[in-house]
Amino acid sequence: MTTPDPTFATLERFILDSIPLARAMGIHIPGCDGERLVMTAPLQPNINDKGCAFGGSLASLMTLACWALVEANLRRRGDDCDLFVGDSSIRYLDPVWDDLRAEASLAVGGSWKTFFTTLDARGRARADLSCVVPGTGDKPAATLSARFVAKRRA
């Protein structure tokens, strides 16, 4: 996956400059195509007492990856919005012993077109997203389902 647009590099810099936790975690956005965003972080600053990834770091990485995907699409359109996570659900399925990787996308059935049509009409919109931390084979190590709310700034 490549980063075809400087918006994503600018977004990564914004996240690192504005969110101390992201900076401490060492997050990086190696790719985003507008439909899917990949966010990574090294294991070492995100390790727990057992030597694998700390669950809080996985939760933060997945939440940030989903937030960044929505934020990137808002920025690409020139929309000035506040973006919040409304709710989320996480499943931890297997320990992560290597560097962290989260892959965020709209949830099945989601549509950017519907999201932006609603935002244009109402000044606010919701997007359901999903995020996966790949595990061994086809089995994910962790998953997140989340709803994000964008509100136009006055």
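A residue counts as partly exposed when its relative accessible area lies between the buried range, under 20%, and the exposed range, over 50%. By this rule Arg75, with a relative accessible area of 27%, is partly exposed. The structure described here is a predicted model, and the same classes of accessibility are applied below to further residues of its sheet, helices and loops.

The sheet is described first. Six strands form an open sheet in the order E1-E2-E4-E5-E6-E3, and their pairing is antiparallel. Strand E1 (28–32) and strand E3 (81–92) stand at the edges; each has a single partner strand, so one side of each is left without a neighbour in the sheet. On average, neighbouring strands of this sheet are turned by 25° against each other, direction being ignored. Strands of a sheet pair through backbone hydrogen bonds, in either a parallel or an antiparallel manner.

The pairing of E1 with strand E2 (residues 36–41) is antiparallel and comprises 3 bridges. Within this pair, His28 has Thr40 of E2 as its bridge partner, and Gly31 stands opposite Val38 in E2. The two strands form a hairpin with 3 residues between them. In the turn of this hairpin, Gly34 has a positive phi of about 95°. Strand E2 also pairs with E4, in the antiparallel sense, over 6 bridges; here Ala41 has Leu100 in E4 as its bridge partner. E2 is mostly covered, 5 of its 6 residues being buried.

Helices lie across this sheet. Helix H3 (residues 55–77) lies across E1, E2, E3, strand E4 (100–106), strand E5 (124–134) and strand E6 (140–152). The direction of H3 is at about 45° to E4. Helix H4 (residues 112–122) lies across E3, E4, E5 and E6 and runs at about 150° to E5. Helix H1 (residues 6–18) contains Phe8. Phe8 counts as buried because its relative accessibility is 2%, where the limit for burial is under 20%. The C-alpha atoms of Phe8 and Gly26 are separated by 16 Å, the two residues being 18 residues apart along the chain.

Charged pairs were examined next. The count of salt bridges in the model comes to 12. One of them joins Glu103 and Arg36, whose closest N and O atoms are 3.3 Å apart. This pair links distant parts of the chain, with Glu103 in strand E4 and Arg36 in strand E2, 67 residues apart. Arg36 has a relative accessible area of 29% and is therefore partly exposed.

A further salt bridge is found within helix H3, between Glu71 and Arg75, with the closest N and O atoms 3.0 Å apart. Because Glu71 and Arg75 are 4 residues apart in helix H3, about one helical turn separates them. The two partners fall into separate classes of accessibility: Glu71 counts as buried at 9% relative accessibility, whereas Arg75 is partly exposed at 27%.

Arg153 forms a salt bridge with Asp80, in which the closest N and O atoms are 2.2 Å apart. Arg153 lies in the segment after E6, and Asp80 lies in the loop between H3 and E3, so the pair ties together parts that are 73 residues apart in sequence. Both partners are partly exposed: Arg153 has a relative accessibility of 41%, and Asp80 has a relative accessible area of 44%. In addition, Arg77, Asp79, Asp120 and Arg152 are joined into one network by salt bridges that share partners.

Empty space in the model was also examined. Rolling a probe the size of a water molecule over the atoms shows where such space is left. The largest pocket holds about 210 Å³ of space. Its lining consists of 13 residues, among which Gly110, Ser111, Arg126, Ala127 and Asp128 lie nearest the centre of the pocket. Helix H4 and strand E5 each supply at least two residues of this lining. These two elements also meet in the arrangement described above, since H4 lies across E5 among other strands.

Conventions:
Residues are numbered from 1 along each chain as its sequence is written. This is a predicted model: local features need pLDDT of at least 70, side-chain atom pairs count only at pLDDT 80 or more; totals for chains, interfaces and linings use all residues. Side-chain values use heavy atoms; hydrogens and water are left out. Two strands pair if DSSP finds at least two bridges between them. Axes are lines fitted to C-alpha atoms, for helices over the stretch in contact, and angles run from 0 to 180 degrees between N-to-C directions. Contact means heavy atoms within 4.5 Å. Buried means under 20% relative accessible area, exposed over 50%, partly exposed in between (1.4 Å probe, protein chains only). A salt bridge is a side-chain nitrogen of Lys or Arg within 4 Å of a carboxyl oxygen of Asp or Glu. On a 1 Å grid over the protein atoms alone, a cavity is a set of points where a 1.4 Å probe fits but cannot get out, and a pocket is an open set with protein on both sides within 12 Å along at least five of seven lines; lining residues have an atom within 4 Å of a point. Grid points are joined across faces, edges and corners, and a volume is the space filled by probe spheres set on the points.
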